[in-house]
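Student: Please take me through a close look at one part here, the second largest cavity, and then place it beside the surroundings of the ligand.

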Amino acid sequence: MCGIVGYIGHREAYPIILKGLKRLEYRGYDSAGIALFDGNDIKLSKTKGKVADLEEKVGKEIPTSATLGIGHTRWATHGVPNDVNSHPHYSNSGNLVIIHNGIIENYESLKKELIKRGYVFKSDTDTEVLVNLIEDVKKNENIKLGKAVQIALNQVIGAYAIAVFDKNKPNEIVVARLGSPLAIGIGDDEFFIASDASPFIEYTKNAIYLEDEEMAVIRRDKGVKVRKIKDDSLVDPYVQELQLNLEQIEKGGYDHFMLKEIFEQPSAIRDTFRGRMLPNEGIIKMSGIEDNMKTFLNANRIIVIACGTSWHAGLVSEYIFEDLARIPVEVEYASEFRYRNPVITDKDVVIAISQSGETADTLAAIKLAKSRGAFVFGVCNVVGSSIARETDAGAYTHAGPEIGVASTKAFTTQITVLTLIALRLARAKGTISSSEFRHHMIELELIPEKVKKALESDAYVKTIADIYKNSKNFLYLGRGYNFPVALEGALKLKEISYIHAEGYPAAEMKHGPIALIDENMPIVVIATKKGHYEKVVSNIQEIKSRKGKIIGIVTEGDEQVRALADHVIEVPETIESLTPLLTTIPLQLLSYHIALMLEKNVDQPRNLAKAVTVE
Ligand code: F6R
């Protein structure tokens, strides 16, 4: 899981690539490197650390006149993060240089063969094996780089997005993809290569997204030629007009992407239902559902597959689908599902949820479900992502780019899409009345304003963060719709502040976690008026009698919990099924402020990356 950037054209390549790498750091940030062609030779610089470290290292050495280059920001898979394992990698002759995002699974056997033929390896990476395999093919067959890449890739098992060039042919860059994303920006006599469009959005709005098993030869003079890697057939690529703008990608005045994305939720949620829900006319329309309504209505059950935060959104959807549409739902970790022998029939509808649309386990689980006859529906944020393309139909969340590694607006927009789907199916099945249907839509329409209101707790949440920032453990409790929110709150805290936290269904507390409670344990309890309120109040009393510190997430105007808790954070009232969209807000803010006070890297927490494209 890495970010790749390339440029070939008439401008200075270095600043374009450097800025592009900074925008792609969300894909990995343990090392970075760049290779430029200065007119005579390749100039390569790479280092362990972030793109800023690369910038410092490169200093003034880099030839500013170079108009061709490639760059990489890494998240290690083979070989520890260090200077040598950083990309780009040279071939043994020094003629070829490559960047790679993905994993070559059969690299060991390929490496053994190459060693027998006299190749030597400096790094522990699979990527250095690939560039030498390409060199070996090119030399033995005396063929052009594009052809050599194609033959080499046909020997490779694994996943890749690569860009490679030859110093003896400095007018072209060859790229290819299988399982890792690769976009080509088309300018005027200039071309950009990147893992997503953010590095080139200010230069061009026209882009080709390579499909799996496609490669392209990009020539300064002749443009882009796309082929199938397997059978060499030419492909007429679809040039998309991009809707992203730069402001969406940058921090927009906030200190961190995570904070920006938390505060973007009112507009992100509105964008998610915009044009799909017309409460006054009593209509929800989503083409992916309408086109497949029969399949949904005939389904015996829905199986939701996802990972991490998306899995938590899936858990919320279990309550919504069962409550509203009366369809049985199972929610599965994609990583478990793909390696079980699950019973799946053509009467099952599988819903795959993924912000990035690139999560390897989710993608593999989709392929398994499809191979067994299930209809697979995707809920993704990234347009044109692998999961969006692999699924039979789908609905985008339209949250806009999420750059902070910890998911925030992805979660709430996923819940919004899943609510729309559940409502639409409920109406079609007749499991809710038209007035209930309309009531839900009106309540959903009010959610963006209510999220705005919930965000007003920011300053108060910060004071709570200050009190508990040095705690070693946290418990998060919730029931019903708010049980997945408790899980999500705990995950947020763990991943960005590195404080141990557990989410539990509040009633389960008695079956173990209660033993942990003492005067040092902060316990966040979601206790909104709608949804088992009295039961949760009893749970709070149990905590209080064990001297636990209670942070209650309550409905505006609540008195009962206020009388028991050490702190209460209010959220506006809404219907039960929509409470997760509000109760999750203070939990996001709490983890953000604690992490910041502990001086952690909020946007790029250690050991994590935004798109988990390895299993
Ligand atoms: C948590 C987080 C991860 C992702 C998970 C799935 O904040 O970001 O747990 O939710 O890696 O990613 P997607 O949704 O891209 O499939």
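Tutor: A cavity is a set of points on a 1 Å grid over the protein atoms alone where a 1.4 Å probe fits but cannot get out, and its lining residues have an atom within 4 Å of a point; points are joined across faces, edges and corners, and the volume is the space filled by probe spheres set on them. The model is a predicted one, in which local features need pLDDT of at least 70 and side-chain atom pairs pLDDT 80 or more, while totals for chains, interfaces and linings use all residues. Numbering runs from 1 along each chain as its sequence is written, and side-chain values use heavy atoms, without hydrogens and water.

Searching the whole structure gives two cavities of 30 Å³ or more, and the second largest has a volume of about 50 Å³. Its lining includes the run Arg 479, Gly 480, Tyr 481 and Asn 482, together with Ile 526, Ala 527, Thr 528, Lys 530 and Gly 531, and also Val 536 and Glu 576. By class, that lining has four nonpolar, four polar and three charged residues, with Gly counted as polar and Tyr as nonpolar.

Turning to the ligand, 15 residues surround it, with Ser 310, Ser 354, Ser 356, Thr 359 and Glu 495 the closest (a heavy atom within 4 Å). A polar side-chain atom of Thr 359 lies 2.4 Å from a ligand oxygen atom, and one of Ser 356 lies 2.6 Å from a ligand oxygen atom, whereas at Gln 355 a backbone N or O atom lies 2.7 Å from an oxygen atom of the ligand. By class, this shell has five nonpolar, eight polar and two charged residues.

Definitions and conventions:
On a 1 Å grid over the protein atoms alone, a cavity is a set of points where a 1.4 Å probe fits but cannot get out, and a pocket is an open set with protein on both sides within 12 Å along at least five of seven lines; lining residues have an atom within 4 Å of a point. A polar contact is a pair of N or O atoms within 3.5 Å; within protein, one must be able to donate a hydrogen and the other to accept it, and residues adjacent in sequence count only if both atoms are side-chain atoms.
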